[in-house]
Amino acid sequence: EEAEQIQLLLTALMNQAEAVAGTMRLSKELIDINVLTQEACELYELLAEEKQITLRKNFAEAPVFLEADPVRLRQALGNLLDNAIKFTPEGGHITVSILSEPNVVIIEIRDTGVGISESDQLRIFERLYRGDKSRSSKGMGLGLSLVRSIIQAHGADIQVISSPNQGSTFRIEFLRPIKKL
């Protein structure tokens, strides 16, 4: 088990180093972000149900196509969903939304969790940083750092909007032209 943890840590650090150096390899293909996000949500629905958390989905009505690495993007969304579940108390809810406009695709993951202090918001995307509320939970402080690296490798941006005890919203903006089939 310890060897697996060390391997995960090394892999995460290598992925991060590649992203920071601009050498993260992406296998981009034309994907429907609705489908990919739905798949990511399905992986975490059972975990949410176990905590009696409602997972709501508010996706675009039509397919939303963009060039992305489905494996890496699913990894980033999975990490955000895992954190939302981890830090949302029993009975809360998480809403995953997709908004498509001509030159931007926005994915938002909003929870009714514990929120993030302003001082922690400035640091949560740093490698190995763990905020006060996350120190009692499992993790290495690499998840959000890796998420940001994956999002930036796609030429996109991620930001957090949060207040303590008011929940958090992670907003990903793909500012590239969308290809429609």
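**Reading salt bridges in a predicted model**

A search of this whole structure, which is a predicted model, turns up 6 salt bridges.

Q: How do I read a salt bridge here, and which residue does Glu45 pair with?

A: Happy to help! Look for a side-chain nitrogen of Lys or Arg within 4 Å of a carboxyl oxygen of Asp or Glu. Glu45 pairs with Lys57, and their closest N and O atoms are 2.6 Å apart.

Q: Which parts of the chain does that pair tie together?

A: Glu45 sits in helix 2 (residues 33-50) and Lys57 in strand 2 (residues 54-58), so the bridge ties together parts that are 12 residues apart in sequence.

Q: Are Glu45 and Lys57 buried, partly exposed or exposed?

A: Partly exposed is the class between under 20% (buried) and over 50% (exposed) relative accessible area. Glu45, at 25%, is partly exposed, and Lys57, at 33%, is partly exposed too.

Q: Now for a network: which residues are linked with Glu108 by salt bridges?

A: Glu108, Arg110, Arg171 and Glu173 form a linked network. Within it, Glu108 bridges to Arg110 with closest N and O atoms 3.2 Å apart, while Arg171 bridges to Glu108 at 2.6 Å. Arg171 belongs to strand 7 (residues 168-174) and Glu108 to strand 5 (residues 104-111), so this pair ties together parts that are 63 residues apart in sequence.

Q: And how accessible are Glu108, Arg110 and Arg171?

A: Apply the cut-offs again: Glu108 has 14% relative accessibility and counts as buried. Arg110, at 44%, is partly exposed, and Arg171, at 22%, is also partly exposed.

Key:
Residues are numbered from 1 along each chain as its sequence is written. This is a predicted model: local features need pLDDT of at least 70, side-chain atom pairs count only at pLDDT 80 or more; totals for chains, interfaces and linings use all residues. Side-chain values use heavy atoms; hydrogens and water are left out. Helices (H or I, at least four residues) and strands (E, at least two) are DSSP runs, numbered from the N terminus. Buried means under 20% relative accessible area, exposed over 50%, partly exposed in between (1.4 Å probe, protein chains only).
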